[in-house]
Amino acid sequence: MKAFTAAVLAAGVIIAIPGGDAVAQDAAKGEIVFKTCMVCHRIGPNAKNLVGPVLNDVIGRQAGTIPGFRYSALNKHAGENGLVWSEEFIFEYLADPNAFLKKFLTEKGKPELAVGATLMPIKLPNEQQRKDVIAYLKKFSPPK
């Protein structure tokens, strides 16, 4: 698995999955797109951390705070500086995780912490797919 992760990280993977043409969020389509995310993440009952953290209750959670998961410094610094995963932040993050976290820290006045890279190798450039994935994540993030 480490060799695969290293290869994916080195490749700077961008995933484009066909079929993101709906206007509203669609959790069923989001579940299909999320299958790509399952290389690293789990969600739902009995989910466990893998290469990426469990995504249950991600909406409303402070970044970098799942107990026992080893986050990148970039992700931890963002959480320590106030990043709480809202739908809007997740939407921006999924387009380009590293750029989002670096921008967040820079805007918080912490450009010295905006170095390195997150462990998240996948980008979802398609806006509709990001909306659909968020709709799917919402099923596992009850309102707080």
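**Figure 1. Serine 72 sits in the loop between α2 and α3.** This is a predicted model, in which local features need pLDDT of at least 70 and side-chain atom pairs count only at pLDDT 80 or more, while totals for chains, interfaces and linings use all residues. Residues are numbered from 1 along each chain as its sequence is written, and side-chain values use heavy atoms, without hydrogens or water. Helices are DSSP runs of H or I with at least four residues, strands are E runs of at least two, and both are numbered from the N terminus. Serine 72 has a relative accessibility of 8% and counts as buried (buried is under 20% relative accessible area, exposed over 50%, partly exposed in between, with a 1.4 Å probe and protein chains only). Setting aside residues up to four places away in sequence, serine 72 touches Ala117, Thr118 and Leu119 (contact means heavy atoms within 4.5 Å).

**Figure 2. Threonine 118 looks back at serine 72 from the other side of their contact.** Threonine 118 belongs to the loop between α5 (97-107) and α6. With 7% relative accessibility, threonine 118 is also buried. Apart from neighbours within four places in sequence, its contacts are Ser72, Leu74, Asn75, Tyr93, Pro97, Asn98 and Leu101. One of these partners, Tyr93, is among the buried residues of α4, so have a look at that helix in the next view.

**Figure 3. Helix α4 and its buried residues.** Which residues of α4 are buried? They are Ile90, Phe91, Tyr93 and Leu94. Viewed down the axis of α4, these buried residues fall within an arc of 170°, so they line one face of the helix (the arc is that of the directions from the helix axis to the C-beta atoms). The buried residues of α4 pack against three helices: α3, α5 and α6.

**Figure 4. The buried and exposed faces of helix α2.** In α2, which covers residues 27-37, the buried residues are Gly30, Val33, Phe34 and Cys37. Seen down the axis of α2, they fall within an arc of 110°, so they line one face of the helix. An α-helix has 3.6 residues a turn, so residues three or four places apart point the same way. The buried residues of α2 pack against α6 (127-138). Turned away from that buried side is a face with the exposed residues Ala28, Ile32 and Lys35.

**Figure 5. Aspartate 26 caps the N-terminal end of α2.** Aspartate 26 is placed in the loop between α1 (2-11) and α2. Is aspartate 26 buried, partly exposed or exposed? Its relative accessible area is 23%, and it is partly exposed. A side-chain oxygen of aspartate 26 lies 3.0 Å from the backbone nitrogen of alanine 28, and the side chain also reaches the backbone nitrogen of lysine 29, at 3.1 Å. Beyond its neighbours within four places in sequence, aspartate 26 is in contact with Asp132 and Ala135. Aspartate 26 and glutamine 128 are 102 residues apart along the chain, yet their C-alpha atoms are separated by 8.8 Å.

**Figure 6. The largest cavity and its lining.** The structure holds 1 cavity of 30 Å³ or more (a cavity is a set of points on a 1 Å grid over the protein atoms alone where a 1.4 Å probe fits but cannot get out, and lining residues have an atom within 4 Å of a point). About 430 Å³ of space lies in the largest cavity (points are joined across faces, edges and corners, and the volume is the space filled by probe spheres set on them). The lining comprises 28 residues, with His41, Pro53, Leu55, Tyr93 and Met120 nearest the centre. Which helix gives the most to the lining? It is α4, with 3 residues; α2, α4 (87-95) and α6 each supply at least two.

**Figure 7. Asparagine 46, an exposed loop residue.** Like serine 72, asparagine 46 is in the loop between α2 and α3 (73-80). Its relative accessible area is 73%, and it counts as exposed. Asparagine 56 is 10 residues from asparagine 46 in sequence, and their C-alpha atoms are 10.0 Å apart in space.

**Figure 8. Stepping back to the whole chain.** The chain has 6 helices and 0 strands, with the pattern α-α-α-α-α-α along the sequence. Of its 144 residues, 41% count as buried. Among contacts with a separation of 6 or more, 60% join residues 24 or more positions apart.

Methods:
A polar contact is a pair of N or O atoms within 3.5 Å; within protein, one must be able to donate a hydrogen and the other to accept it, and residues adjacent in sequence count only if both atoms are side-chain atoms. On a 1 Å grid over the protein atoms alone, a cavity is a set of points where a 1.4 Å probe fits but cannot get out, and a pocket is an open set with protein on both sides within 12 Å along at least five of seven lines; lining residues have an atom within 4 Å of a point.
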